[in-house]
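Colleague: I am new to this one, so could you walk me through it piece by piece? I would like to ask some questions as we go.

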Amino acid sequence: MRFLSIQSHVAYGHVGNSAAVFPLQRMGHEVWPVLTVNFSNHTGYGSWGGPLIPADDVRAVVAGIEERGVLGTVDGVLSGYLGGEEIVDVVLDAVARVKAANPAATYTCDPVMGNAKSGCFVAPTIPPLIRERALPHADILTPNQFELGFMTGTDPDTIASTLDSVDRVRDLGPRTVLVTSVLRPDREADTIEMLAVDDEGAWLLQTPHLPFKANGSGDVTSAVFTAHYRETGSAATALERTASSVFDLLQTTLESGERELRLVQAQDAFARPRMQFRARQVR
């Protein structure tokens with residue numbers, strides 16, 4: 001499969017396209033990365049070097065790809081952190097151009113806004129942009145539980161309330177939703193769950209919770225789930241394969257003692273997921 005991935009890039013570490021591209025390639029897919037920033041490292045370090053890429057320059061890269069006459073071969077468009085209205089316009093224009101050339105192509109939006117521990121860490125203008133502009137065009141949405149609640153004005157915690165919030169966000173456009181971190185109060189101790197929902201049903205999967213924060217893991221999860229879902233057409237299978245790969249990546253990173261994701265060291269987990277977790281249907 002072929003993916004057009006419009007995301008940030010860092011030289012050191014793995015977030016944005018620096019997190020999404022290699023796992024997809026290791027899975028055997030072609031990826032065309034379009035950069036929205038070119039930073040030395042992710043901003044969680046507090047300082048970084050390198051430029052924001054002007055929206056017109058990002059648009060010019062997409063236009064140059066279009067001139068090659070190959071947009072019709074793109075199976076999916078990916079986007080992550082959307083830093084402002086101009087970049088949103090570029091992404092949605094690219095989605096429209098890809099879908100005009102290939103109506104079967106999908107758009108995956110990872111609505112990066114925040115998390116339960118940090119709260120919303122983007123500018124106040126970003127969530128309305130994502131909700132009102134990007135969501136209606138998205139086919140696949142990959143929020144964490146906090147972002148899901150933020151977009152729907154809800155406070156999901158139980159399976160039932162999380163499913164209700166998913167249904168609300170599906171009414172805004174995306175038919176397939178992967179909730180990348182479900183933290184319900186009655187779950188088993190030291191576990192975390194993921195929930196995948198599409199027109200065929202809803203599936204929940206539980207893994208051990210690893211006690212550390214890994215920047216870029218959401219970017220990996222969104223990309224890998226999209227590829228498996230497009231390849232198999234099964235939300236349950238895509239969820240199981242994605243959880244297997246990402247858990248092994250996180251475990252490898254934790255055991256290394258390093259702060260940045262060990263994508264290269266864990267590459268076999270993307271090429272050959274161990275399938276150590278099983279999803280159960282909850283609807």
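What follows is a short conversation about strands, a buried threonine, a cavity and salt bridges.

Modeller: Happy to help, and please keep in mind that this is a predicted model.

Colleague: Let's start with strand 4. Which residues of strand 4 lie on each side, and are they buried or exposed?

Modeller: Strand 4 spans residues 106–109, and both of its faces are covered. Thr-106 and Thr-108 are on one side, with Tyr-107 and Cys-109 on the other. As for their state, these residues are all buried.

Colleague: In which sense do strand 3 and strand 4 pair, and what is the hand of the crossover between them?

Modeller: Strand 3 covers residues 76–79, and its pairing with strand 4 is parallel, over 4 bridges. In this pairing, Leu-78 stands opposite Thr-108. The chain leaves strand 3, passes through helix 3 and arrives at strand 4, a β-α-β crossover that is right-handed.

Colleague: Which residue of strand 7 stands opposite Thr-108?

Modeller: Strand 7 takes in residues 140–141 and pairs with strand 4 in the parallel sense, over 2 bridges. Facing Thr-108 in strand 7 is Ile-140.

Colleague: Now for Thr-226. Where is Thr-226, and which residues is it in contact with beyond its neighbours within four places in sequence?

Modeller: Thr-226 sits in helix 7, which runs over residues 217–232. Two of its contacts, Thr-108 and Ile-140, are the pair that stand opposite each other in strands 4 and 7. Leaving aside neighbours within four places in sequence, the contacts of Thr-226 are Phe-3, Leu-78, Thr-108 and Ile-140.

Colleague: Is Thr-226 buried or exposed?

Modeller: The relative accessible area of Thr-226 is 1%. The cut-off for being buried is under 20%. Thr-226 is below that cut-off, so its state is buried.

Colleague: Is there any empty space inside? Which element gives the largest share of the lining of the largest cavity?

Modeller: Counting those of 30 Å³ or more, there is 1 cavity, and the largest cavity has a volume of about 50 Å³. Its lining is made up of Gln-7, Leu-78, Ser-79, Gly-80, Asp-110, Asp-219, Ser-222 and Ala-223. Strand 3 and helix 7 each supply at least two residues of that lining. The largest share, 3 residues, comes from helix 7.

Colleague: Let's turn to strand 10. How many of its 8 residues are buried?

Modeller: Strand 10 joins strand 9 through a hairpin of 2 residues, and the two run antiparallel with 8 bridges between them. One facing pair there is Thr-191 and Pro-208. Strand 10 also runs antiparallel to strand 11, residues 280–281, with 2 bridges, and Leu-204 stands opposite Arg-280. Strand 10 is mostly covered, and its number of buried residues is 6.

Colleague: What about charges? How many salt bridges are there, and which residues are linked in a network with Arg-59?

Modeller: Side chains of opposite charge can pair when their charged atoms come close. The count here is 15 salt bridges. One of them joins Arg-59 to Asp-93, with the closest N and O atoms 3.8 Å apart. The residues linked with Arg-59 in a network are Glu-66, Asp-93 and Arg-97.

Colleague: How many residues apart are Arg-59 and Asp-93?

Modeller: Arg-59 forms a salt bridge with Asp-93. This pair links distant parts of the chain, from helix 2 (residues 55–67) to helix 3 (residues 85–101). Arg-59 is partly exposed at 31% relative accessibility, and Asp-93 is partly exposed at 23%. Along the chain, their separation is 34 residues.

Colleague: Which residue forms a salt bridge with Arg-170, and is that partner buried or exposed?

Modeller: Arg-170 pairs with Asp-199, and their closest N and O atoms are 2.5 Å apart. Arg-170 belongs to helix 6, while Asp-199 lies in the loop between strand 9 and strand 10. Arg-170 is buried at 9% relative accessibility. The partner, Asp-199, has 54%, and because exposed means over 50%, its state is exposed.

Colleague: And what is the relative accessible area of Asp-186, the partner of Arg-184?

Modeller: Arg-184 and Asp-186 form a salt bridge, with the closest N and O atoms 3.1 Å apart. Arg-184 is buried at 9% relative accessibility. Asp-186 is exposed, and its relative accessible area is 56%.

Terms used. Residues numbered from 1 in each chain as written. Predicted model: local features only at pLDDT ≥ 70, side-chain atom pairs only at ≥ 80, totals over all residues. Heavy atoms only, no water. Buried < 20%, exposed > 50% of the residue type's maximum accessible area, 1.4 Å probe, protein only. Contact = heavy atoms within 4.5 Å. Salt bridge = Lys/Arg side-chain N within 4 Å of Asp/Glu carboxyl O. Pairing = 2+ DSSP bridges. Right-handed = clockwise from strand over helix to strand, strands pointing away. 1 Å grid on protein atoms, 1.4 Å probe; cavity = no way out; pocket = protein on both sides within 12 Å on 5 of 7 lines; lining within 4 Å. Points joined across faces, edges and corners; volume = space filled by probe spheres on them.
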